[in-house]
2 protein chains.
Amino acid sequence: MSHYQTQNYGKLNEFDKYIFAPEGTPISIPGKLFIGEQLGLTSMEISINKDVPGTAMPFFHRHNDNEETYIFIGGKGEMVIDGERFDVEEGSIVSVQPEADRSWRNTGDKDLYYIVVQASKKSLKASGLNDGEITETPVPWG
Amino acid sequence: MSHYQTQNYGKLNEFDKYIFAPEGTPISIPGKLFIGEQLGLTSMEISINKDVPGTAMPFFHRHNDNEETYIFIGGKGEMVIDGERFDVEEGSIVSVQPEADRSWRNTGDKDLYYIVVQASKKSLKASGLNDGEITETPVPWG
């Protein structure tokens, strides 16, 4: 069995075509794609997001077990977490504990792009060189 | 104590300024920024990456415990995993099991941008609406 899976979801500026509309809920969010199930992820869930100008989350949410990281890669917006409001833009990264009450919106005149990763808090045992090892395999590019 | 942390790392096209050079190793990789420690992450580690044209990882690596997800957000490249070679570009997302032997390079004439997330395999208990809940907090944008 293969130890990897790969998918191409297309250019980020065409992510409007992905609509997050979970069954049995009134939620319908264009430009939000969750990829965990399709890629067989067992340690994290990831959404890739494009919010057109004027987009604002219509609700706050929190989590039971999962820490979230918001990685902003384009545009300008603001987040509100536990009543505190702050600006975000390309290069902003925000770590959010499960219990935090959070929402956000695009405040700019361009599309807001961001990636959200969630994973079980305190589950990381080691990372980087403490979990990885360089192998002896020669690289094919010499 | 605050339930979130936020940092701004600047425009992605200026990420050359971040150099991953772990002490006691000969590794020196410009354009790779790990953000887990600074943001207090306990469930995942994340690197944000800009590889200029011609950049190629000089080694293969694998992991002990962590699943990795590679999210390509700009440029063109190729990965080699367990001897299988395939192209990646903006919108490509690749999930990699810990034991897989992996390397990659920029094959394009533009910068290659990607985000790598690692987290402990099989640690996710639930995600999305199964871990999150919408709260009653009214959104300040009406």
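# Exercises on a two-chain strand assembly

Strand β12 of chain A is mostly covered, with eight of its nine residues buried; buried means 20 or more other C-beta atoms within 10 Å of the residue's own, exposed means 12 or fewer, partly exposed lies in between, and C-beta atoms are placed from the backbone. Strands here are DSSP runs of E with at least two residues, and helices are runs of H or I with at least four, numbered from the N terminus.

A word on the ground rules. This is a predicted model, where local features need pLDDT of at least 70, side-chain atom pairs count only at pLDDT 80 or more, and totals for chains, interfaces and linings use all residues. Residues are numbered from 1 along each chain as its sequence is written, while chains are lettered from A and ligands numbered from 1 in the order in which they are written.

## Exercise 1: Take stock of chain A

Work out how many helices and strands chain A has, and what share of its residues is buried.

Solution. Start with the elements: chain A has zero helices and 13 strands. Then turn to burial: 39% of the 142 residues in chain A are buried. For the extent, the C-alpha atoms fill a box of roughly 50 × 35 × 35 Å along the principal axes.

## Exercise 2: Walk across the six-stranded sheet

Find the strand order of the open sheet of six strands, then say which are its edge strands.

Solution. Step one, the order: it goes β4(A)-β5(A)-β12(A)-β7(A)-β10(A)-β1(B), with antiparallel pairing. Two strands count as paired if DSSP finds at least two bridges between them. As a reminder, strands of a sheet pair through backbone hydrogen bonds, either parallel or antiparallel.

Step two, the edges: β4 (32-34) of chain A and β1 (4-8) of chain B each pair on one side only. Neighbouring strands of this sheet are turned by 15° against each other on average, direction ignored; the axes behind that angle are lines fitted to C-alpha atoms, and angles run from 0 to 180 degrees between N-to-C directions.

Step three, go through the pairs:

- β5 (residues 45-51) and β12 (residues 112-120) of chain A run antiparallel and share seven bridges. Here A:N49 has A:Y114 as its bridge partner, and A:I48 stands opposite A:I115.
- β7 (residues 66-74) of chain A is joined to β12(A) by eight bridges, again antiparallel. A:G74 partners A:Y113.
- β7(A) and β10(A) run antiparallel with four bridges, and A:T69 is matched with A:S95.
- β10(A) and β1(B) pair in the antiparallel sense over five bridges, with B:T6 as the bridge partner of A:V94.

Step four, check β10(A) (residues 92-96) for burial: five of its five residues are buried. A:S92, A:V94 and A:V96 point one way, and A:I93 and A:S95 the other way.

## Exercise 3: Relate the two copies

What rotation superposes chain A on chain B?

Solution. The superposition is by least squares on the C-alpha atoms of residues with pLDDT of at least 70 in both copies. A rotation of 180° with 0.0 Å of shift along its axis does the job, at an RMSD of 0.0 Å. The two copies are therefore related as by a two-fold rotation axis. In chain A, the C-alpha nearest the axis belongs to A:S123, 3.2 Å from it.

## Exercise 4: Describe the interface and the core

How many residues does each chain bring to the contact, and which residues have the most contacts inside the largest nonpolar core?

Solution. First, the counts: chain A and chain B bring 77 residues each, where contact means C-beta atoms, placed from the backbone, within 7 Å. The same surface serves both copies, since 100% of the contact residues of chain A recur in chain B.

Away from the six-stranded sheet, there's another cross-chain pairing to spot. β13 (residues 132-134) of chain A pairs antiparallel with β6 (residues 61-63) of chain B over three bridges, and A:E133 stands opposite B:R62.

Now the core, a set of buried Ala, Val, Leu, Ile, Met, Phe, Trp, Tyr and Cys residues joined through C-beta atoms within 7 Å. The largest has 51 residues, and A:M44, A:I115, B:M44 and B:I115 have the most contacts inside it. Leaving aside neighbours within four places in sequence, A:M44 has contacts including A:V117, B:M44, B:V117 and B:L124.

How values were computed:
Contact = placed C-beta atoms within 7 Å.
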